[in-house]
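Hi,

Here is the structure I said I would pass on to you. Have it open while you read, and I'll walk you through what turned up.

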Amino acid sequence: MSAEIAPPILGRVALVMADDRYCPAREESTAYWERAARINALWAQRHGYRFARYCVAACAHAVFGPRHPSWCKLVALAHALAELAVDTVLYLDSDAYVVDPNASLVNIVATYTQPGDWSASIYFGCNGPWDRGWEKRARNAQRGPANAGVMILRNMPATVDVLRAWWGRPPAHSEKWASFWGASGAHGKLLHASYTSTYKAYAFGGNWEQSILWRMWQLSPRVAARLRVLADQRSGGCMWTVPPCTRSTRASAPSACESWRPSPIAH
């Protein structure tokens, strides 16, 4: 194992979840989002991590207005990085959970990061064979498509820059959370002008937040330099958080089932 990533230094860790169905939380519920939250809370407690789940009933972009609740995770993550006093955040969507209660985040990171990965700031689970729209030729994209429902975020300025760009504010823009890619800065200088039309088309055209993440990854080598998809250190296979072996894929893409290995996190 490379000394560069062994052991990974994660410091204080928080597991964060966000959903509009946590408003209010119903811990006794048998709904899948509550079951996943209970599993994750117990895992966090077992390993000495903080656990926080955000009620995100609504959020709005300062220029484009209200967004689907799936986008609100970015606001929740910005708050967690600023307010929870932690060094690392594991974010899981409300239908994602840690499969192995004995696997710490240190174990997961040590297994699924490669030499040089820790120059990045955000690490994603893999969307498995579901890669329509993923540009494999982009920087750091060869391992497979990123899953925006499973993320490890280091608490550092570069991480916040990426979240703001993803939300619709290019890195280094002076107006917090208020603009879209390609908007003019304080002195009229265009920032990331090539993003303007694609951001509007993807982010507000009925697409999930993952669509614009993939587009951003493709269009900006600067942003992509800060991102990685988690992949097994030995085999190089990406950490498929979305099991590919559904009834339809067994029939249409049996090779996907054959190459899949169980992930420590399911989504």
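Let's start with the sheet. This is a predicted model, and in it six strands form an open sheet with mixed pairing, in the order S2-S1-S5-S8-S7-S9. S2 (50-55) and S9 are the edge strands: each has a single partner strand, so one side of each has no neighbour in the sheet. Going from one strand to the next, the twist averages 25 degrees.

Now go along the sheet from the S2 end. S1 (residues 13-19) and S2 run parallel and are joined by six bridges. If you want a spot to look at, find Leu 15, which stands opposite Phe 51 in S2.

At the other end, have a look at S7 (residues 122-126). How many of its residues are buried? Five of the five, so you'll find this strand mostly covered (buried here means under 20% relative accessible area). S7 pairs with S8 (residues 146-154) in the antiparallel sense, over five bridges; Gly 125 has Asn 147 in S8 as its bridge partner. With S9 (residues 227-229), S7 runs parallel, and three bridges join the two. There, Ile 122 stands opposite Leu 227 in S9.

Next, the helices that lie across these strands. H2 (residues 73-83) lies across S1, S2, S5 (88-92) and S8, and its direction is at about 10 degrees to S8. H4 lies across S7, S8 and S9, at about 150 degrees to S8. H4 covers residues 157-167 and is mostly covered itself, with eight of its eleven residues buried. Among those buried residues are Asp 161, Arg 164, Trp 166 and Trp 167. Just after H4 comes Gly 168, with a positive phi of about 130 degrees.

One last residue to click on is Ser 94, in the loop between S5 and S6 (97-98). Is Ser 94 buried or exposed? Its relative accessible area is 5%, and the cut-off for buried is under 20%, so Ser 94 counts as buried. What does its side chain make a polar contact with? The partner is the side chain of Asp 19, at 2.5 Å. Leaving out residues up to four places away in sequence, Ser 94 touches Asp 19 as well as Met 17, Ala 18, Arg 21, Tyr 22, Tyr 32, Trp 33 and Ala 36.

Have fun exploring!

Technical notes: Residues numbered from 1 in each chain as written. Predicted model: local features only at pLDDT ≥ 70, side-chain atom pairs only at ≥ 80, totals over all residues. Heavy atoms only, no water. Buried < 20%, exposed > 50% of the residue type's maximum accessible area, 1.4 Å probe, protein only. Helix = DSSP H or I, 4+ residues; strand = E, 2+ residues; numbered from the N terminus. Pairing = 2+ DSSP bridges. Axes fitted to C-alpha atoms, helices over the stretch in contact; angles between N-to-C directions. Contact = heavy atoms within 4.5 Å. Polar contact = N/O pair within 3.5 Å; in protein donor to acceptor, adjacent residues only side chain to side chain.
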